[in-house]
Amino acid sequence: MLCQWCQKRPASVHFTQVVNNNKVEMYLCEQCAKEKGQVTFGSPFSISDFLSGIMEFASDNGYRIQSEPRVICEKCGMTYEEFQKSGKLGCGSCYELYHDKLDLLLKRLHGNAVHCGKSPGSKQQGMALTQPKQANEIDGLKELLNKAIQNEEYEKAAEIRDRIKNLEAKQNKPV
Amino acid sequence: MLDDKESYGPDSDVVVSSRIRLARNFSKYPFPFRMSKEQGLKVLDEARESILNNEKLSNEKFLFVDVNQLDSISKHVLVEKHLISPDLEESQKDSGVIISQDGIISIMINEEDHLRLQCIFKGMNIDKAWNKCNELDNIIGEKVDFAYSNDYGYLTCCPTNVGTGIRASAMLHLPALTMTGYIRSILEACTKLNVAVRGLYGENSEASGNMFQISNQVTLGQSEEEIVSHITRIIDQIIEQERVLRLELHKQNPYKFEDRVCRSFGLLCTARIVSAEEAVKLLSDVRLGANLGIIDDIDVNKVDELMVLIQPANLQKISGSLLNPYERDIKRAELIRKTLKG
Ligand SMILES: [Zn+2]
Ligand SMILES: [Zn+2]
């Protein structure tokens with residue numbers, strides 16, 4: 001496997017970092033591991049290389065099924081390969097289409113894959129995602145719930161609890 | 001010190017400016033790098049319509065700048081002033097920026113995302129910048145359907161921005177931490193806390209005038225308020241440390257310290273040829289001296305303005321002509337002398 005940072009030298013060091021209380025793992029070459037421990041001013045690496053590095057790592061671990069039929073986003077025409085290469089999404093629908101792959105990437109980037117910030121006004125017209133996503137979300141929300149209770153943020157805790165209930169109800173419905 | 005404290009913003013001895021940026025996309029079009037020419041023009045039109053003709057924003061004095069129509073110097077002036085990004089400067093797409101007359105709001109259209117809403121305030125004002133940017137987002141959000149999912153939040157072109165789409169940042173002047181080398185441990189600690197710190201003008205911190213940009217890395221899984229308060233706590237710590245070290249350095253050898261500051265001031269007030277790199281370094285000393293009361297007849301705002309105006313594009317814009325590097329060094333010295341004495 002190549003180093004996930006420079007994509008040039010073979011990876012030899014297992015590097016872990018804690019992001020949002022979650023452990024993020026990376027495989028780096030010796031040189032990059034050394035540099036990553038230190039400070040980088042305006043780091044020279046390109047974000048898209050870095051992201052596609054993480055994605056390839058995911059496929060190495062069997063997260064991606066081999067010889068999968070070519071997936072193309074109907075709205076923007078982006079293929080999974082293009083997404084993997086550029087590390088960028090083509091449109092909002094790409095997030096829906098590639099969500100099972102994205103969750104892993106987002107967890108590595110942000111330590112989390114569930115939004116808990118503001119939403120646009122009252123018109124909450126988010127997209128419905130499929131089952132596995134919801135299971136992950138429930139786990140994420142349960143973590144948030146514990147945190148909120150620990151911090152004695154009871155209003156927030158009640159809100160999160162309601163969201164979990166809704167999701168669980170949705171999941172138990174026959175598809 | 002001169003003037004009322006208000007015009008500097010809180011903690012201006014260390015914090016030059018605070019900024020919030022929100023990334024937003026229109027739900028009905030692909031992200032900019034996947035748009036057709038027609039879609040790009042539609043985004044530009046709809047963005048202008050929803051912002052410039054928005055009754056709730058009618059008291060903002062907005063100016064739309066068609067970035068594609070600007071000459072290269074005028075474009076780079078906006079980059080040096082942090083009103084547009086280098087990416088927008090180089091963009092081949094139909095793009096633009098809406099800037100408020102007071103310079104607080106800038107909204108980039110068709111950069112990496114359809115909209116990048118940005119609010120900048122002087123001093124340590126991340127909260128104020130967030131409130132302003134949040135309000136702006138709410139108002140524009142009434143007119144535009146933003147790409148949003150309940151699970152991932154605001155959808156952005158790059159997954160590093162998804163969720164809140166927020167980048168909270170501050171520009172810090174850290175001469176004492178840099179001189180003593182403690183900056184390294186600060187930067188290391190920040191990396192562990194998922195906060196990025198970069199030298200501002202180039203790789204070398206001396207050449208950057210000891211200016212550092214600090215910003216959050218995580219945008220998903222935390223609320224905007226959590227992100228803002230996390231980075232605020234870190235910045236508050238850095239401010240404390242920088243202040244302690246400034247006083248300590250001064251106490252240890254007041255003559256040497258004051259000599260350095262006053263020499264730098266003297267050089268800037270008299271020199272006839274100054275490179276950008278030298279100017280930024282000397283201005284950093286003057287800023288430090290002014291904030292410690294060693295140089296007392298100088299406005300720190302003017303020093304901060306000079307940091308921008310002495311950059312190549314701004315200097316040529318002020319001069320109204322293209323200048324070679326040698327001519328620039330002469331103009332730069334002239335501008336600094338005039339400003340510091342005025
Ligand atoms: Zn490497
Ligand atoms: Zn798409």
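This report walks through a predicted model, taking confidence, a sheet and a pocket in turn.

## How far to trust it

Let's start with the scores. The model as a whole gets an ipTM of 0.83 and a pTM of 0.76. Chain B has a mean pLDDT of 92, with 96% of its residues at 70 or more. One stretch to watch there is residues 1–5 of chain B, where the pLDDT is below 50. That stretch has nine contacts in the model beyond near neighbours in sequence.

For chain A, the mean pLDDT is 68, and 55% of its residues reach 70 or more. Among the elements of chain A, helix 4 (residues 92–97) has the highest mean pLDDT, 93, while helix 2 (residues 47–60) has the lowest, 56. Residues 38–45 of chain A fall below 50, with 14 contacts beyond near neighbours in sequence. Residues 122–134 of chain A are also below 50, and this stretch has 36 such contacts in the model. Where pLDDT is low, don't read the predicted coordinates in detail.

## The sheet in chain B

Now for the sheet. Chain B has an open sheet of eight strands, paired antiparallel, in the order 2-3-4-5-1-8-10-9. Strand 2 (62–65) and strand 9 (195–199) of chain B sit at the edges; each has a single partner strand, so one side of each has no neighbour in the sheet. From one strand to the next, the twist averages 20°.

At the strand 9 edge, five bridges tie strand 9 of chain B to strand 10 (residues 211–216) of chain B, and the two run antiparallel. Within that pairing, Ala196(B) is opposite Ser215(B). Helix 9 (residues 276–291) of chain B packs on the sheet, where it touches strand 1 (15–24), strand 8 (166–173) and strand 10 of chain B. The direction of helix 9 makes about 85° with that of strand 8 of chain B.

## The second largest pocket

The second largest pocket holds about 820 Å³ of space. Which residues are closest to its centre? Of the 34 that line the pocket, they are Lys81(B), His82(B), Gly103(B), Ile120(B) and Val308(B).

Several elements of chain B supply at least two lining residues each, including strand 1, strand 8 and strand 10 from the sheet, along with helix 2 (72–80). Helix 10 (300–309) of chain B is another of these elements, and its six residues make up the largest share of the lining. By residue type, the lining divides into 19 nonpolar, eight polar and seven charged residues.

How values were computed. Residues are numbered from 1 along each chain as its sequence is written. Chains are lettered from A and ligands numbered from 1 in the order in which they are written. This is a predicted model: local features need pLDDT of at least 70, side-chain atom pairs count only at pLDDT 80 or more; totals for chains, interfaces and linings use all residues. Side-chain values use heavy atoms; hydrogens and water are left out. Two strands pair if DSSP finds at least two bridges between them. Helices (H or I, at least four residues) and strands (E, at least two) are DSSP runs, numbered from the N terminus. Axes are lines fitted to C-alpha atoms, for helices over the stretch in contact, and angles run from 0 to 180 degrees between N-to-C directions. Contact means heavy atoms within 4.5 Å. On a 1 Å grid over the protein atoms alone, a cavity is a set of points where a 1.4 Å probe fits but cannot get out, and a pocket is an open set with protein on both sides within 12 Å along at least five of seven lines; lining residues have an atom within 4 Å of a point. Grid points are joined across faces, edges and corners, and a volume is the space filled by probe spheres set on the points. Ala, Val, Leu, Ile, Met, Phe, Trp, Tyr, Cys and Pro count as nonpolar, Asp, Glu, Lys and Arg as charged, and the others, Gly among them, as polar. pLDDT is the predictor's confidence in each residue, from 0 to 100.
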